[in-house]
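Open your viewer and get ready for a short walk through a protein. At each stop you will get something to select and a few things to look for.

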Amino acid sequence: MSTNSGRPGRPPGPGVAFTLAQLGAYATDLFARRMNQLGLSPAQAGFLRMVAAAPGRSQKELAEDLGMPPSRFVPFADELDQKGLIERRKNPDDRRLHALYLTEGGRRLLGEVAKAGMAHEQQICAGLSPDEHDQLLDLLLRIAGTQGLKDGVHPGYRATPATA
């Protein structure tokens, strides 16, 4: 789709929204392939990061943050539990709730996810200087904020199948 991005004098071409969608689709596919090599889906990798950032949070809290209904969240977490990457413990404050923690294997794998994520960031942003990288990140975070997106939570979790 060609637009002039609403700016007089700008030559016709793709706008910001199209270019973000194009780059997003490319980056998503590339990241999925990187995570697949580690035996994870992108959703599982992001979830491990969330559990590591706040160990002991309840399944209910995490499901709410991700925008996942409990009917999809429980089997999603079950799969990571069965892989030995997370463990559920009774919440000491409310024994009806389960608190989630990474296992040692989960922490090791998360280290590999972090390395893959850094390589991904470097590859996607290879054409930018460090200052341009920072500026682009600031602009994208501002756009995401004005769209009501939750910081650090991919909106795709809402549609993540129970077995991701």
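Begin with helix 2 and helix 5, which cross in a left-handed way. Color these two helices and hide the rest for a moment. The axes of helix 2 and helix 5 come within 10 Å and cross at roughly 115°. Now show the side chains at the crossing: helix 2 makes the contact with Ala 45, Leu 48, Arg 49 and Ala 52, and helix 5 with Leu 109, Leu 110 and Val 113. Please keep in mind that this is a predicted model.

**Stop two: along helix 5**

Select residues 104-124, which form helix 5. How far apart are the end C-alpha atoms of helix 5? They are 30 Å apart, and this agrees with the span of 30 Å that its 21 residues should give at 1.5 Å a residue.

**Stop three: the two sides of helix 5**

Stay with helix 5 and select Gly 106, Leu 109, Leu 110, Val 113, Ala 116 and His 120, which are buried. These residues sit on the same side of helix 5, because they cover an arc of only 125° around the axis. Looking down the helix from one end is a good way to view this.

What do the buried residues of helix 5 pack against? Bring back helix 1 (16-37), helix 2 (42-53) and strand 2 (98-102), and you have their packing partners.

Next, turn to the face of helix 5 that points away from its buried side: there you will find Arg 108, Lys 115, Met 118 and Gln 122, which are exposed.

**Stop four: Pro 70**

Move on to helix 4, residues 70-82, and pick out Pro 70. Is Pro 70 buried or exposed? Pro 70 is exposed, because its relative accessible area is 60% and the cut-off for exposed is over 50%. Add Lys 60 to your selection: it lies ten residues from Pro 70 along the chain, and the C-alpha atoms of the two are separated by 7.4 Å.

**Last stop: the whole protein**

Show everything again as a cartoon. The protein has six helices and two strands, and from the N terminus on you can follow them in the order α-α-α-α-β-β-α-α. Of the 164 residues in the protein, 27% are buried. Among contacts with a separation of 6 or more, 57% join residues that are 24 or more positions apart.

Finally, switch on the surface. The protein exposes about 10400 Å², and 57% of this area is supplied by carbon and sulfur atoms.

How values were computed
Residues numbered from 1 in each chain as written. Predicted model: local features only at pLDDT ≥ 70, side-chain atom pairs only at ≥ 80, totals over all residues. Heavy atoms only, no water. Helix = DSSP H or I, 4+ residues; strand = E, 2+ residues; numbered from the N terminus. Buried < 20%, exposed > 50% of the residue type's maximum accessible area, 1.4 Å probe, protein only. Expected span 1.5 Å × (residues − 1). Arc of directions from axis to C-beta. Contact = heavy atoms within 4.5 Å. Areas by Shrake-Rupley, 256 points an atom, 1.4 Å probe, with all protein chains shown as cover. Axes fitted to C-alpha atoms, helices over the stretch in contact; angles between N-to-C directions. Left-handed = near helix turned anticlockwise from the far one by under 90°.
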